[in-house]
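Student: I am new to this structure and should like to understand the terms used to describe it. Could we go through them together?

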Amino acid sequence: MSALLQISDTHFGTERAPVVESLLALAEQLAPERVLLSGDITQRATVGQFAAAQAFCARLGRPVLAIPGNHDIPLVNLAVRLLWPYARHRRAFGADLEPVHASPDWLVVCVKTTRRWRHQHGQVSPEQIARVAARLRQAAPGQLRVVVVHQPVAVPTPRDAGDLLRGHEAAVRAWAAAGADVVAGGHIHLPYVLPLHALHAGLARRMWCVQAGTALSSRLRREANNSVNVLHRGAGAARVERWDFDEATQRFACVARHALDLDRSTHV
């Protein structure tokens, strides 16, 4: 069985040192095929915070797919925000802001949903929706297809509805029709799994929203401690595990498992 480790909202600059060390130990234990870093990597997009994030990823010892979140665009330096919003991210994680990973078990397509003119809200354009759908249609039958965004495409309560990705409904329908199984995100520091096929009438296939909490930051919600997701793929089956940092043991522990009921018509 192969696995992906999804970490999000690390917010370097607010990271908790014991949690950092525990997550490194977890990554060594799990040895995932890839680490998905789904945005808000830094707190204020400073050179030092990106350097800390880069050093952390180097210590993970696993290949990383990273996309920027809204916190990864400089906030107070307006010239940099307008002219070179992703320069620091690119120096730390490479020129490609929307990386893709393909292997026998996985197709992972990352989407940059931040915009330099937006402070917090995310957006996916019709061009991005079409490009991602085209790549999904090229997937091999045995691949589990994961789209990675920063802002969520579904939320569990009306409280978080304002944080929904702008353009999410068109994206969900197009990506489902193209064969996506999972849309993974972060942004609101709350881990959950929701069936998109139950939320959108007439969706072309079963598809799941998989959200990660904040992996390392002290900026916690009352509902959840530091948290990461592990996506597992085996013969004809897939599941998401939620791993939370336990204050008593100072280690990450698996606290929930969610089987993903996939559309088996295109997974053989």
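**Terms and the values behind them**

Tutor: Let us begin with the interior: the largest nonpolar core has 31 residues, and Leu136, Val147, Trp175, Val183, Leu196 and Met207 touch the most other members. The model is a predicted one, in which local features need pLDDT of at least 70 and side-chain atom pairs count only at pLDDT 80 or more, while totals for chains, interfaces and linings use all residues. Residues are numbered from 1 along each chain as its sequence is written, and side-chain values use heavy atoms, with hydrogens and water left out.

Student: What makes a set of residues a nonpolar core?

Tutor: The members must be buried Ala, Val, Leu, Ile, Met, Phe, Trp, Tyr and Cys residues, joined through side-chain atoms within 4.5 Å. Helix H6 (168-178) is among the elements that give two or more residues to the largest core, and H6 gives the most, with five residues. Apart from this core lies another, of 25 residues, including Val35 and Val228.

Student: Why is His150 called buried?

Tutor: Buried means under 20% relative accessible area, exposed over 50%, and partly exposed in between, with a 1.4 Å probe and protein chains only. His150 has 0% relative accessibility and therefore counts as buried. His150 is placed in the loop between strand E6 (144-148) and H6.

Student: What makes the pairing of the side chains of His150 and His187 a polar contact?

Tutor: A polar contact is a pair of N or O atoms within 3.5 Å; within protein, one must be able to donate a hydrogen and the other to accept it, and residues adjacent in sequence count only if both atoms are side-chain atoms. The side chains of His150 and His187 make such a contact at 3.1 Å, and the side chain of His150 makes another with that of Asn70, at 3.2 Å.

Student: How do you know that strands E10 and E11 pair?

Tutor: Two strands pair if DSSP finds at least two bridges between them. Eight bridges join E10 (residues 227-234) to E11 (residues 237-246), so the pair satisfies that definition, and the strands run antiparallel. His232 stands opposite Arg239 in E11. The hairpin of E10 and E11 has two residues between the strands, and Gly236 in the turn has a positive phi of about 70°.

Student: Which strand pairs with E11 over eight bridges in the antiparallel sense, apart from E10?

Tutor: That strand is E12 (residues 251-259). Within E12, Ala253 is the bridge partner of Asp244.

Terms used
Helices (H or I, at least four residues) and strands (E, at least two) are DSSP runs, numbered from the N terminus.
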